[in-house]
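Here are some exercises to work through with a model open on your screen. Try each task yourself before you read the solution beneath it.

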Amino acid sequence: MNHLRLEIICWSCLLIAMAVSTEAASVWKLPTAQMVYEDLEKCRQESLEEDAHTLRCLVKKIGLWTDESGYNARRIAKIFAAHNQMEELMLVVEHCNQKEQDTSHLDDWAFLAYRCATSGQFGHWVKEFMSPKEVER
């Protein structure tokens, strides 16, 4: 009987955790270049200008990274949906995320996966998104 009660409690906790994570995922909003610049400044100060740590801090703040699974390819693709290559972009991000996955060195994982994913066309889109003409500093 105690075993059954424990199992019910465990399943209840799991369902609650899933509901909370689903709710958190549903309130995510597309970041603007202005939001990214503001969060970038905060992260630079927190990480003492160390590039890999700054990048991981930033992508966590804007909801594109978790330490458990790395980059959220779907969210990244939504930011660049206007380029009509969401599927391809998601494949690139997922490939680089898996290729560079290193849960014992999270900053390096974030940095190397970013560098991998932005080495092609996606890198040009990121530069365009962050161009000064879109952001008033």
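The exercises below go from the overall layout of this predicted model to its helices, core and largest pocket.

**Exercise 1. The layout of the chain**

Find out how many helices and strands the chain has, and in which pattern they follow one another.

*Solution.*
- Step 1: Count the elements. There are 7 helices and 2 strands.
- Step 2: Read along the sequence. The pattern is α-α-α-β-β-α-α-α-α.
- Step 3: Turn to burial. Of the 137 residues in the chain, 37% are buried.
- Step 4: Look at the contacts between residues at least 6 apart in sequence. Of these, 53% join residues at least 24 apart.

**Exercise 2. The span of a helix**

Check whether the end-to-end distance of α6 agrees with its number of residues, then do the same for α2.

*Solution.*
- Step 1: Start with α6, which has 12 residues. The expected span uses 1.5 Å times one less than the number of residues, so α6 should span 16 Å.
- Step 2: Compare with the model. The end C-alpha atoms of α6 are 16 Å apart, which agrees.
- Step 3: Repeat for α2, with 15 residues. From first C-alpha to last, α2 reaches 20 Å, close to the expected 21 Å.
- Step 4: Look just past the end of α2. Leu 48 takes a positive phi of about 55 degrees there.

**Exercise 3. Buried faces of three helices**

List the buried residues of α2, α3 and α6, and find what packs against them.

*Solution.*
- Step 1: Recall a rule of helix geometry. An α-helix has 3.6 residues a turn, so residues three or four places apart point the same way.
- Step 2: Take α2 (33-47). Its buried residues are Ala 33, Val 36, Tyr 37, Asp 39, Leu 40, Cys 43 and Ser 47. Their cover includes α3 and α7.
- Step 3: Take α3 (51-61). Buried here are Ala 52, Thr 54, Leu 55, Arg 56, Cys 57, Leu 58 and Val 59. The cover of these residues includes α2, β1, β2 and α6. Just after α3, Gly 63 has a positive phi of about 80 degrees.
- Step 4: Take α6 (106-117). Leu 106, Asp 107, Trp 109, Ala 110, Ala 113, Cys 116 and Ala 117 are buried, and the buried residues of α6 pack against α3, β1 (65-66), β2 (70-71), α5 and α7.

**Exercise 4. The nonpolar core**

Work out which residues have the most contacts inside the largest nonpolar core, and which helix gives the largest share.

*Solution.*
- Step 1: Find the residues with the most contacts. In this core of 34 residues, they are Leu 64, Tyr 71, Ile 76, Phe 80, Leu 89, Phe 122 and Phe 129.
- Step 2: Ask where the core comes from. Each of α2, α3, α4, α5, α6 and α7 supplies at least two residues, and α6 gives the largest share, with 6 residues.
- Step 3: Zoom in on Leu 89. Leaving aside residues up to four places away in sequence, Leu 89 touches Ile 76, Ala 77, Phe 80, Phe 122 and Trp 125.

**Exercise 5. Buried, partly exposed or exposed?**

Classify Phe 129, Gly 120 and Gln 98, and give a partner in space for each residue.

*Solution.*
- Step 1: Phe 129 sits in helix α7. The cut-off for buried is under 20% relative accessible area, so Phe 129, at 18%, counts as buried. Its C-alpha is 8.6 Å from that of Phe 80, 49 residues apart along the chain.
- Step 2: Gly 120 lies in the loop between α6 and α7. With a relative accessible area of 33%, Gly 120 is partly exposed. Val 92 is 28 residues apart from Gly 120 in sequence, yet 9.6 Å apart in space, C-alpha to C-alpha.
- Step 3: Gln 98 belongs to helix α5. Exposed means over 50%, so Gln 98, at 61%, counts as exposed. Between the C-alpha atoms of Gln 98 and Ser 69 there are 9.0 Å, with 29 residues separating the two in sequence.

**Exercise 6. The largest pocket**

Describe the volume and lining of the largest pocket.

*Solution.*
- Step 1: Begin with the volume, about 640 Å³.
- Step 2: Go to the centre. Of 28 lining residues, the closest to it are Leu 55, Leu 58, Val 59, Tyr 114 and Val 126.
- Step 3: Assign the lining to elements. Two or more residues come from each of α2, α3, α4 (73-79), α5 (86-99), α6 and α7 (121-129), and α3 gives the most, with 5 residues.
- Step 4: Sort the lining by chemistry. It divides into 22 nonpolar, 2 polar and 4 charged residues.

Conventions. Residues numbered from 1 in each chain as written. Predicted model: local features only at pLDDT ≥ 70, side-chain atom pairs only at ≥ 80, totals over all residues. Heavy atoms only, no water. 1 Å grid on protein atoms, 1.4 Å probe; cavity = no way out; pocket = protein on both sides within 12 Å on 5 of 7 lines; lining within 4 Å. Points joined across faces, edges and corners; volume = space filled by probe spheres on them. Helix = DSSP H or I, 4+ residues; strand = E, 2+ residues; numbered from the N terminus. Nonpolar A, V, L, I, M, F, W, Y, C, P; charged D, E, K, R; others polar. Buried < 20%, exposed > 50% of the residue type's maximum accessible area, 1.4 Å probe, protein only. Contact = heavy atoms within 4.5 Å. Core = buried A, V, L, I, M, F, W, Y, C linked by side-chain atoms within 4.5 Å.
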